[in-house]
Amino acid sequence: MLNLAVCVSGGGTNLQAIIDAIDGGSITNTRITAVISNNAGAYALERAKSRGIEAACISPKQFGSREEFNQAFLEKLDSYQPDLVVLAGFLVVLPEMMIKKYKDRIINIHPSLIPSFCGKGYYGLKVHEGALKRGVKVTGATVHFVDEGTDTGPILLQQPVAVEPGDTPETLQRRVMEQAEWKILPKAIDLIANGKVRVEGGKALVSE
Ligand code: GRF
């Protein structure tokens, strides 16, 4: 059984997709051990609580320095002994200590086809603004392992999504979520839970 810790900062629709996929049987051998947020107001925490899932908040506001926050966050995460950490709309730069400790055991969902529109400054709507500004005809989402860089870790799954005439950052964001994020994040977890993913030479290899 793969124990997940899901880290969230906002609405939690990706968390919901994971919960639904576990309930519906498209993710197997997996349980969500805890949902952790840096933001006490994150609706994702409500989604977890309403399903009886342990929900915790460790906010930078509770601490005098970033280091103390990082330490407390890592301690909380460790306390759940997760096999896999899923960043599902988690808007915190992870401390190096955490990345090292959970090497090849942290995945993130990013709302573009990496290496386009990723890296520093590309988060939330900014990703879709960038795609529209450049005039790409296809965008999408990527699930990748997390390494020390920003969106530079091994790519696990990608799903393309068409940009349509008249798209705004908001309509594009929604379509990317519906057609890509909510599908490939649960799929990635299921593949990992069933031993179908290995990281080798900086690449994620999938056997189906
Ligand atoms: C998603 O677009 C995700 O790719 C990005 O933040 C958003 C989170 O949405 N990193 P939600 O909290 O899962 O609804």
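In this predicted model, Arg-175 and Asp-167 are joined by a salt bridge, with 2.7 Å between their closest N and O atoms. Both partners, Arg-175 and Asp-167, are buried. The contact also belongs to a wider arrangement, since Glu-164, Asp-167 and Arg-175 are linked in a network of salt bridges. The structure holds nine salt bridges, and two others are described below.

One of these salt bridges is formed by the side chains of Arg-51 and Asp-23, at 1.9 Å from N to O. Asp-23 sits in helix α1, which covers residues 13-24, while Arg-51 is in the loop between α2 (43-50) and β3 (55-57), so the salt bridge ties together parts of the chain that are 28 residues apart in sequence. Arg-51 has a relative accessible area of 39%, and it is therefore partly exposed: the value falls between the 20% under which a residue is buried and the 50% over which it is exposed.

The other example pairs Asp-104 with Lys-103, and here the closest N and O atoms are 3.9 Å apart. This counts as a salt bridge because the cut-off is within 4 Å. Where do the two partners stand in terms of accessibility? Asp-104 has 32% relative accessibility, so it counts as partly exposed. Lys-103 has a relative accessible area of 59% and is therefore exposed, as the limit for that class is over 50%.

Technical notes: Residues numbered from 1 in each chain as written. Predicted model: local features only at pLDDT ≥ 70, side-chain atom pairs only at ≥ 80, totals over all residues. Heavy atoms only, no water. Helix = DSSP H or I, 4+ residues; strand = E, 2+ residues; numbered from the N terminus. Buried < 20%, exposed > 50% of the residue type's maximum accessible area, 1.4 Å probe, protein only.
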